Amino acid sequence: MSTDTSEECCPKFQPEPWEDKEITWENKLFLKDRVLSVFHIPINFGAVMKRSMAAIEAAGAVSDEVIVLSDENSLWGSDVYIAISKDMPGANTASISGTFFSKVFEGPYGSMRKWIEEMKSYVTGKGQALKGLYFFYTTCPKCVKKYGKNYVVILARI
């Protein structure tokens, strides 16, 4: 683990609140943006995050919960949802409602296919039907290096 004490941009992720949980959201607010990808590899994620966070800060809508979800709905891009504390008139916002199973995975992104299959098995093992997946990339690459852990939470809509 890194001993670097320089300022990080991502808070240290605590997996316990997300591991093997059932989460229900009712109209949870998010700022929605779009990331360009090539075969699910993001091209402009950093720029999208900077732009979105600037808009959230300017609107005074920073959430106490740091949640950034990715809906990998295309080989060429994904919708990104950043939790906000209040509506942002004029911005592209979305509310998410539903019940989700969440599991925490740790390791390189190359393990993603294995994690997805494990999540699908987890959902069916609980007797539920999978309606969709969101990916919560908990820290940026710089902070992954700083903390020495790459946690990804997969949320399965049931």
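Start on the surface by selecting Leu36, Val38, Phe39, Ile43, Leu75 and Trp76, which together make a nonpolar patch of about 620 Å² (patch residues have over 30% relative accessible area and no salt bridge, and nonpolar side chains are joined within 5 Å; areas come from the Shrake-Rupley method with a 1.4 Å probe; a salt bridge is a side-chain nitrogen of Lys or Arg within 4 Å of a carboxyl oxygen of Asp or Glu). This is a predicted model, in which local features need pLDDT of at least 70 and side-chain atom pairs count only at pLDDT 80 or more, while totals for chains, interfaces and linings use all residues. Residues are numbered from 1 along each chain as its sequence is written, and side-chain values use heavy atoms, without hydrogens or water.

Within the patch, pick Phe39, which lies in the loop between strand 1 (21-38) and strand 2 (41-42) (strands are DSSP runs of E, at least two residues, numbered from the N terminus). Phe39 is exposed, at 53% relative accessible area (exposed means over 50%, buried under 20%).

Next, select Trp18, Trp25, Phe30, Leu69, Ile96 and Leu155, the residues with the most contacts inside the largest nonpolar core, which has 18 residues (buried nonpolar residues joined through side-chain atoms within 4.5 Å). Strand 5 (93-106) is among the strands that each supply at least two residues of this core, and strand 5 gives the most, with four.

Finally, move to Lys103 in strand 5, which is buried at 10% relative accessible area. Its side chain makes a polar contact of 3.5 Å with that of Glu19 (N or O atoms within 3.5 Å, one able to donate a hydrogen and the other to accept it).

Technical notes
Patches are made of residues with over 30% relative accessible area and no salt bridge: like charges are joined within 9 Å, nonpolar side chains (Val, Leu, Ile, Met, Phe, Trp, Tyr) within 5 Å. Buried means under 20% relative accessible area, exposed over 50%, partly exposed in between (1.4 Å probe, protein chains only).
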